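Hi,

Here is the structure I promised to pass on. Have a look at it first, and then read my notes underneath.

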Amino acid sequence: MRYLPHTPEDIAAMLQVAGADNLDDLFKAIPDDCRRKDDLHLPEPLTEWDLNSHMSTLAATVAVSPEYKVFMGAGSYDHYIPASINYLLGRSEFSTAYTPYQPEISQGTLQAVYEYQTLVTRLLGMEVANASMYDGASALAEAMLMAIRITRRKKVAVSSVIHPLYRRVVQTYLAPTECEVVEIPYLANGRTDLSQLTNLEDLAAVAVQSPNFLGCIEDLKAIGEKVHSDKKTLLVTCFSEPLAFGLLKNPGSLGADIACGEGQSLGIPRSFGGPGLGMFAARKQYMRNMPGRLIGQTKDKDGKRGFVLTLATREQHIRREKATSNICSNQGLCATTAAMYMAALGGTGIRELARQNHDRAEYLKSGLKKAGFTISFDCPTFNEFVVEFPADFKTTHKRLLEKKIVAGLALAPYYPELANHYLLCATETSSKEDMDTLVKEVTS
Amino acid sequence: MKKSFGTTGLILDEPLLWEKGAKGRTGFSMPRQEVEASPLDDELVGDGPDFPDLSEVDVIRHYTRLSQWNFGVDTGMYPLGSCTMKYNPKTNERQVSLPGFAGAHPLLPAELSQGVLKILFELERYLAEISGLPAVTLQPAAGSQGELTGMLIFRAYHQSKGAPRSKIIIPDSAHGTNPASAALCGFKAIPLKSNESGVLSPEAVAAIMDEDTAGIMVTNPNTLGLFEENILKVTEIVHSKGGLVYGDGANMNAIMGMVNLKNIGVDVLHLNLHKTFSTPHGGGGPGSGPVCVTQELERFLPVPRVIEKDGRFVLSEDFPESVGKLHAFYGNFGVLIKAYSYIRSLGAKNLKRATQLAVLNANYIKEKLKGTFYLRYDRPCMHECVFSDKNQTPNKVTTLDIAKRLMEYGFHPPTIYFPLVVKGAIMIEPTETECKEDIDHFIDAMKAIAEEAKNSPELLFEAPKTPKVGRLDEIAAARYPCLSD
């Protein structure tokens, strides 16, 4: 086996030093009644080329672009990933390193993640960002736990147009805390219903997503003002499409106390939903309450600039059960990827790319509207929107799959009241031709 | 200093991203403007983020230079105890980048994602076989999320019996994340000292295990690299009081094919695919922390679950007692593919062989270095061994100094000051993928450093001089935090 370098001579020499007669003898410390008697039953080992063909066969069964035209976002977006990013990720000095516990020989990871933290604060308009969480959903859950810690309150409100799968993760994380999670309904225009907020008292946090799951851009400013009428309550804003902030006002400028979400759009392949990137940022006053790892700038003995893991006293291995979170490994390489992607785009590029996403989605939206379909919500959107199709659209959707077109995500499983409503997405990878084909096919 | 792999290298300086570039450059191939611009309400439009504009060359050089300041497994031996820094096979990277996997949308209909679902289904079966615990979830995104899943299952189990419990026993030799994971689920951690041999004593467990204690979290082999030889008695005591046993599988590399966890009384186990199953650590993730459980606890596993139905694979939410969802989708699929490829490449025989060689390497190092460095527990170890700086203390040399000097010999230092039960701990886990010559070089370096500690300790105090930066002021970093520019 090519990963196991020991020759029989090596083994014999080493066993002699270890004082064992054979390899099995090394396991004397395991009492006999704890030993596994039978062999593992696993498939026979594959050669490298057999593995290649096995995996290629499996991968070929999956519907992906460019063969399939997938007009579906819903928390996982098709954006072009430059070859330069994949090339840089092949630098195994980044990928094969551990968490940077020894800063002198980890400055690559440390500077890259420090830069990531900085780019995130700039993108979201926040003051501090951490080194990443697992994904958008757990980032939101941790944000709610953080708000509960800060305010010492036991109730949070969550907009019902936050990604339904994120809300389920919030439920899981909060279930053992005895905290109540209240869902805020949405309005006919697709935005969160602010009027419901007045009835809720003693909230640790109000969480909204913008653009929300229905694609609608929330009026964060108004929400923030309302939420902050109780000085203690924190406004948590989340997102599944960070590219939107290339064009839209960022959450920090609109009053967010914590901004978090999924960063998959920033150069990370969809990869069936993971690994993604949990982005997490907050106002500076909450820095010491933040979960996750933080990289800080400092100097070495000679005054040279360098970077280290810092504020570790918040963390599980020092504070044990009083830690701000149990998170240890995060998504370091995905954070590095996102930083590379943001660096490749630049300020000018991210604006242009965000515009193109918006414009293409608007083109598709108006095409469908002209074809006679109803755009369900009249709020401004970014690169996703909801369409109401006729009652028999399920058959059309199926027929289109055979034509290698995925015409959006059916919303009924998530919102029973939205039967026949579909969430569609267009990004810079959706060509005019493909969008025209989609409109033609759903009409025919 | 003896000849070694350490080198000053070609270390070029590199500014921060925003200290370079010029407005108007780009490193991105922008698509053509194919459709009409559509204005957006001014109220909603912001100024856009203040990112630097860089060319593709700028970006490539920036990160290439940064990468050269990093030490990874591909750079050299990385004997970081408890982290299992084994070689990360390159074929795994090829598989994960196949367009059908990399491009898969997580909400595709099952009929369009059969290959992906098949991998999830089969990987669950392989991990069940390797652990001995029959039901598996692949959803947790890392070890600590696996622990959280396990604690949620403990909680759900006791609730289903109509008798919630409030405490959990956590030995001092267990992993650092255990208490925080238990606390997230509302359990009060009851610490338990290991005995003078470095393992759990059944009497100590019996003395604190009661009917308000949900169970125990055991790392086996423990963080001293010792097999918990009383594990059968310990699990029996916990079970007899209605408790459950959690196994932290971070050290699974020591027992693959050697121990069936179910047979030693473990009810819930998490695995770290980024340790035992060769997926790269990525400078701090992404990892993956699948959880394996007994048949009895299967109903509590997170949803959705992959099931086989008439020869097809589908995702099912139909598990009403499930603890819920921990990840927006199905966990770190990209990491799961790599672990799947690893298991398929090695097969049963080589997985067991990997464990045997990992244990051989650790015992070889232990025997060669004991005497030079203080070995708190002198007994056969499993996949790692724990020394300390006790022998060097008279020369005022600390574990930290030894670690920093080791960098100049071309090695990543071991885990230091952990586990806490050994003062000044030096925890060495070589893994099976290091060959004898490299291990001998490491041993020689450690011995040379021990000599230097006696004769010229200033070499250790001043180390490291060869990397990009010297010892960094971590106190100032924490006192005056600067987390972004």
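Below is what I found, going from chain A to chain B and then to how the two meet.

One thing to keep in mind while you read: this is a predicted model.

**Chain A overall**

Chain A has 444 residues, and 59% of them count as buried. Along the principal axes, its C-alpha atoms fill a box of roughly 80 × 55 × 50 Å. The secondary structure of this chain comes to twelve helices and 15 strands. If you take the contacts in chain A between residues at least 6 apart in sequence, 73% of them join residues at least 24 apart.

The domain assignment splits chain A into domain 1 (8–52), domain 2 (69–81 + 348–443) and domain 3 (83–341). Domain 2 is written there as two segments, so to speak, 69–81 and 348–443. Between the C-alpha centres of domain 1 and domain 3 of chain A there are 44 Å.

**A sheet in chain A**

Seven strands of chain A make an open sheet with mixed pairing, and their order is 2-8-7-6-5-3-4. At the edges sit strand 2 (128–129) and strand 4 (180–184) of chain A, each pairing on one side only. For a parallel pair, look at strand 5 (residues 205–209) and strand 6 (residues 234–239) of chain A, which are joined over five bridges. In that pair, A:Ala205 stands opposite A:Leu234 of strand 6.

**Helix 2 of chain A**

This is a nice one to zoom in on. Helix 2 of chain A covers residues 48–59, which is twelve residues. At 1.5 Å a residue the helix should span 16 Å, and its end C-alpha atoms are indeed 16 Å apart, so the two values agree.

Which residues of helix 2 of chain A are buried? They are A:Leu51, A:Met55, A:Leu58 and A:Ala59. Seen down the axis of helix 2, these buried residues fall within an arc of 95°, so they line one face of the helix. On the other side of helix 2, A:Trp49, A:Ser53 and A:Thr57 are exposed.

And what do the buried residues of helix 2 of chain A pack against? Their partners are in chain B: helix 2 (90–96), helix 3 (99–102), helix 4 (114–131) and helix 9.

**Chain B**

The domain assignment of chain B gives domain 1 (92–345) and domain 2 (349–475). Their C-alpha centres lie 30 Å apart, and the contact takes 19 residues from domain 1 and 19 residues from domain 2. On the domain 1 side, those residues divide into nine nonpolar, nine polar and one charged.

There is also a hairpin to look at. Strand 8 (residues 305–309) and strand 9 (residues 312–316) of chain B pair in the antiparallel sense over five bridges. Two residues lie between these strands, and B:Asp310 in the turn has a positive phi of about 50°. Across the pair, B:Ile307 stands opposite B:Val314 of strand 9.

**Where the chains meet**

Finally, the interface: 171 residues of chain B are in contact with 167 residues of chain A. On the chain B side, helix 9 (residues 333–369) gives the most, with 23 residues. By class, that side of chain B has 91 nonpolar, 54 polar and 26 charged residues. Helix 9 of chain B is also one of the elements that the buried residues of helix 2 of chain A pack against.

Enjoy looking around!

Conventions
Residues numbered from 1 in each chain as written. Chains lettered and ligands numbered in written order. Predicted model: local features only at pLDDT ≥ 70, side-chain atom pairs only at ≥ 80, totals over all residues. Contact = placed C-beta atoms within 7 Å. Helix = DSSP H or I, 4+ residues; strand = E, 2+ residues; numbered from the N terminus. Nonpolar A, V, L, I, M, F, W, Y, C, P; charged D, E, K, R; others polar. Buried ≥ 20, exposed ≤ 12 C-beta atoms within 10 Å, placed from the backbone. Expected span 1.5 Å × (residues − 1). Arc of directions from axis to C-beta. Domains from an automatic or database assignment. Pairing = 2+ DSSP bridges.
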